[in-house]
Structures are given as C-alpha cells and as structure tokens.
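Here are a few exercises to work through with the model open beside you. Try each one yourself before reading on to its solution.

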Amino acid sequence: MGMAAERLEVIRAADPDLAAIMERELERQEHTLELIPSENIASPAVLAAVGSWLTNKYAEGTPGKRYYGGCEFVDEVESLCQERATWLFGADHANVQPHSGSSANLAAFMTLCKPGDTILGMDLSHGGHLTHGSPVSFSGIFYHAESYGVSPETEQLDYDLVRARAREVRPQMLIAGASAYPRLFDFAALADIAAEVDARLLVDMAHFAGLVAGGAHPSPVPYADLVTLTTHKTLRGPWGGMVLSKERYAKAVDKAVFPGAQGGPLLHAIAGKAVALKAWGEPEMKDYAQRVVANAKRLADGLIAEGLRLVSGGTDNHLMLIDLRPLQLTGKAVQEVCDSARITVNRNSIPFDQASKFNPSGIRLGTPAVTTRGMGIAEMDEIATLVARLIHHLGDEAVTGEVKKRARALCEAYPLPYG
Ligand SMILES: *Cc1c(COP(=O)(O)O)cnc(C)c1O
C-alpha cells in the first residue's frame, strides 16, 4: 500500500467523512496538471514530518531559551533546520518559525520599521504581493504604503524609475520581490537605491527561494537587510515561511516573530522545513531548479509560437503571464475552461490592466509542480499546445474534452510520489 492509501486508512477509521473528502482531493491532485506557479508537491518525507507527533509540543521561544519544559528534542529539530537554512542560503541567521510568507513579512516589517513609516513596494497589479503595501493588508493599514511599477515599454523593472520613486517618497523601507513578475531582480541596484535614500531593504523571495537554493536565480542574501521566503512554493517544502538576516538583526527578528507576530512555533512544520532543506544539498535539487527554469522558457516559447502574447515577452524564472487583451478575452473565462479540462492556472492582473481585479486580463502559469512530477521539454510543448487550444477555442466542448484527455494522459505518465 502506498503512503497516501495508508494515511487515508488511518483517517477513515476515525472519520470516514473527512477521509472521503481528502480522497477526492488526492484524486484531483493526481489527475490535474498543476500550473499555478506558487504551488508544488511536497515529498513523502516532508509529509511524514508534518504529519507527526511533533505537533504535540509547545515551545514558545527559541532553541535553548524556551518558556516550556521538555524542549530538549524539539530544540534539536529547530537548530538543525536553522543550520540548514543558513548553510543553504549563506545567511548569518535564520528564523524558521513563521507560519507562512505573510507572517514572515509581518515580522520583517516589525523588525525594520515603526507603524506609520513609509514603505515602498512593487504595485500589486505589476506583480507585487498583498503584504507589500495593499490597503487591505497590515502592510497598508499600519504603514504608509507607496508603490513602484514596471516600465510601460518593457513591462520590466527599470531601476532608474524605481530610484526616482524612492527619491520622491523617501521610504524607511524598500521592498522587492513579487508573486507575478516573470523576470530576475537586480539586487545590487535595489541595495544601491535603498542606500541612497537611507532606507532598509527587504527582499521577499517567497516565489523564487527554490531557484535561489538551486543556483538558478541570483541570491538577495548578500544585499538585503532581511530576506523573507515561503517554504511551500519553489522550495518544495511544507507550508510555511522564514526570515533570513545578518547577525545584527538576529535578536530583533526573533523577537518580532515571537512574541511580536506569533505564539508557539509549529514544530511539525519546522521538521518538514528541515527535511526539505536537506534535500537541497543533493545534486538532484540543483538540477530540479535548472529544469524548472528551462521548462518555463520552453513553455513560454511554445505559447508564443501558438500566437499568444506574454507580458514582457517571456520569462527568466519559473512563471509567465499570458496577456489576453489582444484576443479580447478575460482571465475568468479562461481559468474556468482550463479547470474543466483539469489544467489549473490562475487569473491575474497584468501591468496597466484596465479590467477589474475580479476578472483581470491575465493568466499566470508556471512550471514548479509539473517539473517536480518529472515532466520535461517534450511535455512543455504538449502543455503549450493544450493551453493554447483551450484559449483559441474557448467554449468548444469537443476541444475541451480532447484537451482533458491529453492532460490526464500526462498526469498518468508522471504520477504523484505518494503511491
Ligand atoms: C506567496 C507570497 C507570500 C505569502 O505567502 P503566504 O504563505 O500565502 O502567506 C508573500 N510574498 C510573496 C511575494 C508571495 O508570492
């Protein structure tokens, strides 16, 4: 019996209703082409660590300095995870307790700024994240948020424009990193801009942490005051976050995470992070990061060859954005037809989008999860054909049916690792 079946059996004995739902979700993941660039597939070892007895332990504080007894072994778990994180990313200090990327960002804000300070982050519709200054997030509620965007000509960051914005708004903190930006960041330029206006630099590498770990993306660690990340996206670990810092911020970061932003750490999640980080010491993971990027380039080339327009003309990382405006389409209809063919993508705003946030003009897609399943260049060509067929024949049920069969065949050829 495979790992998933064994776990379902344990759950079914206690709660058949929940087991039935979880089984359907497993089937959905097994037979769906997952192209959402923020998702990935955690290894069986990560799942086993997360689903373990470490969930039973309270351990507020940091290793060696806890507010509870009985922490000797979880201290070792957390220290091991920290050592691996600092080793992998070349940071002086790692706080591995953040429950998510947003919690890591909250702690980073609390370390580097005071409420009311001015922050300068990338515009949400140009690829930024809610926690970089959106009025509906703590970052825009408790701080004075200003934004910068991409150049209208290239749809890429123009560092002269970012510098001009920084001179104008004089932020206490400059934030870089994005959820929907298909290009690399120039961290040296960003650090130079921050230094010129006397701002701290926070780099949020939530999306591309795995590419940095595998050497497929430049590292922000030498340049930024703080680096935050998620562990569940390209890094291929359990759901969670982290803050990396220079030694001089170590104490302040630890205080900002607990008691500033969170209560007790999730030791089971920290164990999952430790196993995921260990894997990055192996050559296969370096190779994985390179393949994610090579697959994304191939998929982008395939979509362009099918007559689709990509924001900024392509990709340097793991994701890309299709601009539907030339086809007079919007994202919601395309996302829905992809869903019915069991290809998961997400609709997304694109730079200078006139359409509503609820039904924007872009489709965001990426290669981390399909690459984890083992798909390569030939499969990217097939996926480009399938996505393009759905878009060019929107609403044609015969085409949707045919694409669904071909998508399922790809999934069956590259099963999940839980069997
Ligand atoms: C995904 C993401 C986050 C937030 O992560 P959660 O774990 O969903 O809170 C933060 N910043 C960026 C840039 C992201 O892409």
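**Exercise 1. Between which helix and which strand does the loop with aspartate 198 lie? Then check its backbone and its exposure.**

Keep in mind that you're looking at a predicted model. Start with the location: the loop holding aspartate 198 runs between helix H8 (187-196) and strand E8 (200-204). Next, the backbone: phi of aspartate 198 is positive, about 60°, although the residue is not a glycine. For background, most residues other than glycine have a negative phi. Last, the exposure: exposed means over 50% relative accessible area, and aspartate 198 counts as exposed because its relative accessibility is 68%.

**Exercise 2. Is serine 312 buried or exposed? Place it in the chain too.**

Serine 312 also needs a look at its backbone: its phi is positive, about 65°, and it is not a glycine. You'll find serine 312 in the loop between strand E11 (309-310) and strand E12 (319-323). The cut-off for buried is under 20%. Serine 312 has 11% relative accessibility, so it counts as buried.

**Exercise 3. Which peptide bond involving proline 259 is cis?**

Go to the bond from phenylalanine 258 to proline 259: that one is cis, with omega near 10°. As a reminder, most peptide bonds are trans. Now place the proline: proline 259 is found in helix H10 (residues 250-261).

**Exercise 4. Which residues form salt bridges with arginine 163, among them one in helix H8?**

Begin with aspartate 192, whose salt bridge with arginine 163 has its closest N and O atoms 2.8 Å apart. Aspartate 192 lies in helix H8 and arginine 163 in helix H7 (residues 159-169), so this pair ties together parts 29 residues apart in sequence. Then take glutamate 196: it forms a salt bridge with arginine 163 too, with the closest N and O atoms 2.7 Å apart. Glutamate 196 is in helix H8 and arginine 163 in helix H7, 33 residues apart.

Now add exposure. Arginine 163 counts as buried, at 18% relative accessibility. Aspartate 192 is partly exposed at 43%, and glutamate 196 is partly exposed at 35%.

**Exercise 5. Are arginine 66 and aspartate 75 buried or exposed?**

First the pairing: arginine 66 forms a salt bridge with aspartate 75, the closest N and O atoms being 2.6 Å apart. Then the accessibility: arginine 66 has a relative accessible area of 15%, so it is buried. Aspartate 75 is at 15% relative accessibility and counts as buried. For the wider tally, the count of salt bridges comes to 26.

**Exercise 6. How much area do domain 1 and domain 2 bury between them? Describe the interface from the side of domain 1.**

Set the bounds: domain 1 covers 53-279 and domain 2 covers 283-413. Their C-alpha centres lie 28 Å apart. The contact takes 25 residues from domain 1 and 29 from domain 2. Between them the domains bury about 2300 Å², with 58% of it on carbon and sulfur atoms. In domain 1, the residues that lose the most area to domain 2 are Glu155, Pro182 and Arg236, together 29% of what that side buries.

Now the polar side of things. Two salt bridges cross the interface, along with eleven residue pairs in polar contact. On the side of domain 1 that touches domain 2, helix H9 (residues 209-213) gives the most, with three residues. That side divides into eleven nonpolar, eleven polar and three charged residues.

Note on methods. Residues are numbered from 1 along each chain as its sequence is written. This is a predicted model: local features need pLDDT of at least 70, side-chain atom pairs count only at pLDDT 80 or more; totals for chains, interfaces and linings use all residues. Side-chain values use heavy atoms; hydrogens and water are left out. Domain bounds come from an automatic or database domain assignment. Contact means heavy atoms within 4.5 Å. Buried area is the accessible area (1.4 Å probe) that two parts lose on being put together, summed over both. A salt bridge is a side-chain nitrogen of Lys or Arg within 4 Å of a carboxyl oxygen of Asp or Glu. A polar contact is a pair of N or O atoms within 3.5 Å; within protein, one must be able to donate a hydrogen and the other to accept it, and residues adjacent in sequence count only if both atoms are side-chain atoms. Helices (H or I, at least four residues) and strands (E, at least two) are DSSP runs, numbered from the N terminus. Ala, Val, Leu, Ile, Met, Phe, Trp, Tyr, Cys and Pro count as nonpolar, Asp, Glu, Lys and Arg as charged, and the others, Gly among them, as polar. Buried means under 20% relative accessible area, exposed over 50%, partly exposed in between (1.4 Å probe, protein chains only).
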